[in-house]
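Please consider the model shown below. The paragraphs after it move from the overall architecture to selected backbone details.

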Amino acid sequence: MKLKTFYLIFAVLLLSCGDAVINLDKETYSPKIVVDGYVLPHHKVDNIRISRNFPLNEKINIMDFPLKDANVSITDLNAGKNYPLTFNFGQLGFEYRKSDLEIKEGNSYRLSVSAEIDGKKLTASSTTTVPLNGFHIDRDVSQLDPLKYCEKDE
């Protein structure tokens, strides 16, 4: 009797596992804007890379990654002033070419992007506050050991 109950429970568990097939076709793809960039105090705003995602199982042209025609701007939220960025073909990124934008410690900035991808109008934005001068990681209270970029095994 116990053996029959075991086999019955085993069969039910085995059959209730569901379909293990994952469908990754164009119907599951949703176009997205990808933003990669930094603003540093007292540095020119440049090399803000705006790109896109692609559906799986599609042939991709590497030159289609950058969204060269995107509308990109950075807003100094403290001053309330908007600065349009221009695409730099040499860096494949956006930059501000004039000298009237100064990134300052303690100020907040918003990057705004709008672009059309695969016939859909998309927007993205991100806001950051530049740390005050003297910002650092206090190693005495940090829970992590220092980590070196591209550290190799011994």
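The description begins with the basis of the model and then turns to its elements, its surface and two loop residues.

This is a predicted model, in which local features need pLDDT of at least 70, side-chain atom pairs count only at pLDDT 80 or more, and totals for chains, interfaces and linings use all residues. Residues are numbered from 1 along each chain as its sequence is written, and side-chain values use heavy atoms, with hydrogens and water left out.

The protein contains one helix and eight strands, where helices (H or I, at least four residues) and strands (E, at least two) are DSSP runs numbered from the N terminus. Read from the N terminus, the order of the elements is α-β-β-β-β-β-β-β-β.

Of the 154 residues, 24% count as buried, that is, under 20% relative accessible area with a 1.4 Å probe and protein chains only. The protein exposes about 12400 Å², of which carbon and sulfur atoms supply 55%; these areas come from the Shrake-Rupley method with a 1.4 Å probe. Among contacts (heavy atoms within 4.5 Å) with a separation of 6 or more, 51% join residues 24 or more positions apart.

Two loop residues deserve attention for their backbone angles. Most residues other than glycine have a negative phi. Histidine 42, in the loop between strand S1 (33–36) and strand S2 (49–52), has a positive phi of about 65 degrees although it is not a glycine. Leucine 92 lies in the loop between strand S5 (86–88) and strand S6 (93–95), and its phi is also positive, near 55 degrees. Leucine 92 counts as partly exposed because its relative accessibility is 27%, which falls between the 20% limit for buried and the 50% limit for exposed.
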